[in-house]
Amino acid sequence: MSAPRHDGRDGVGGTLAAQSAAGDEGASRRGFDSTRVWIFDLDNTLYPSACNLFAEVDWRMASFIAELLSIPLEHARYLQKRYYHDYGTTLTGLIKLHKIDPHRFLEYVHDIDLTPLTEAPDLARSLAALPGRRIIYTNGSRRHAERVAEKLGVLHLMEDICDIAACDFIAKPSPDAFKRMVERHGVPAREAAMFEDMPHNLEAPHTLGMTTVLVHSDYMDHPAQQKIRTWRKLPEHIHHATDDLTAFLAALSAENS
Ligand SMILES: [Mg+2]
């Protein structure tokens, strides 16, 4: 399987999708011929950021910190983003600095209403057509991933879910987190493809030898995402980019049929 060809929207995601489809330097380096394990981030990757589901999780993180430290929500929001940028995830910062119970945090932040999420039959069809195993790999909890995947109608298509607890609360983008995921699920890295909305979360899988795909998200709250606007071509560690995961996967399957 080579890089699928489809048109992207205007803007950053569309530009990157067009780069990938045009077979630029990044896209030509690595296709999907040897891909047998398809690994998907959950939030803002398997479902589009436009539904604003993750925004609710994000605000509940700030709310958790406000309650924990008895501080105003605005101050908590500032700390949340500081921890996120400095430690990779808000949870990692909270564990390191405040010794919190990570299970309590995950239960709190994922206690959200899934109404904004709609069933995604086209995505399910595209996933079902992929040859090999499919895994969700998230910095969130297994329960959250199960609820979201169930609502999308794709849970039954997943072999397993790797959550942050399964990685000993070591989060993406840490290379140690990816090593744990690969070992736990017996993933031959050179036969795997990783789909992610956070560009820096694709560095470790690229180093391990995976094919990497950046899925465009409009929810840009990390400096690494904001840098995307300055890209003239895909960076070394990203082989493909798309603003439409379902169309990207459907194009892959069409080429293979
Ligand atoms: Mg994500």
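Q: What counts as a helix or a strand here, and in which loop does proline 173 lie?
A: Helices and strands are DSSP runs, with at least four residues (H or I) for a helix and at least two (E) for a strand, numbered from the N terminus. The model you're looking at is predicted. Proline 173 sits outside those runs, in the loop between strand 3 and helix 9 (175–185).

Q: Which residue is joined to proline 173 by a cis peptide bond?
A: Look at the peptide bond with an omega of about 15°. That bond is cis, and the partner of proline 173 in it is lysine 172.

Q: Is phenylalanine 169 buried or exposed, or something in between?
A: Phenylalanine 169 is in the loop between strand 3 and helix 9, and its phi is positive, about 60°, although it isn't a glycine. Count its neighbours: 18 other C-beta atoms lie within 10 Å. Buried needs 20 or more and exposed needs 12 or fewer, so phenylalanine 169 is partly exposed.

Q: How many C-beta neighbours does asparagine 52 have inside 10 Å?
A: Asparagine 52 is in the loop between strand 1 (37–40) and helix 3. Its phi is positive too, at about 65°, and it is not a glycine. It counts as partly exposed, because its number of C-beta neighbours inside 10 Å is 13.

Q: How far apart are the end C-alpha atoms of helix 3, and what span should we expect?
A: Helix 3 covers residues 53–69, which makes 17 residues. The expected span is 1.5 Å times one less than that number of residues, so it should be 24 Å. The model agrees, with the end C-alpha atoms at a distance of 25 Å.

Q: Which helices do the buried residues of helix 3 pack against?
A: The buried residues of helix 3 include Leu53, Phe54, Met61 and Ile65. A general point helps here: an α-helix has 3.6 residues a turn, so residues three or four places apart point the same way. The packing partners of that buried set are helix 4 (73–87), helix 5 (90–98) and helix 6 (102–109).

Q: How is helix 3 oriented relative to helix 4?
A: Their axes are 8 Å apart and the packing angle is about 115°. Angles of 65 to 115 degrees count as roughly perpendicular, so helix 3 and helix 4 are roughly perpendicular.

Q: How many of the residues in the contact of helix 3 with helix 4 are nonpolar?
A: On the helix 3 side, the residues include Met61, Ala62 and Leu69, and they meet residues of helix 4 such as Leu73, Ala76 and Arg77. In this contact two residues are polar and one is charged, while the number of nonpolar ones is eight.

Q: What is the angle between helix 4 and helix 5?
A: Among the residues that meet are Tyr83 and Tyr87 in helix 4, and Thr90 and Leu94 in helix 5. The contact divides into four nonpolar, four polar and two charged residues. The axes are 7 Å apart, and the angle is about 95°.

Q: How far apart in space are isoleucine 161 and tyrosine 137?
A: Isoleucine 161 lies in strand 3 (residues 160–162) and is buried, with 22 other C-beta atoms within 10 Å. Among the residues it touches are Ile136 and Ala145. Tyrosine 137 is 24 residues away from isoleucine 161 in sequence, yet C-alpha to C-alpha the distance is 6.0 Å.

Terms used. Residues numbered from 1 in each chain as written. Predicted model: local features only at pLDDT ≥ 70, side-chain atom pairs only at ≥ 80, totals over all residues. Contact = placed C-beta atoms within 7 Å. Axes fitted to C-alpha atoms, helices over the stretch in contact; angles between N-to-C directions. Parallel < 35°, antiparallel > 145°, perpendicular 65-115°, else oblique. Nonpolar A, V, L, I, M, F, W, Y, C, P; charged D, E, K, R; others polar.
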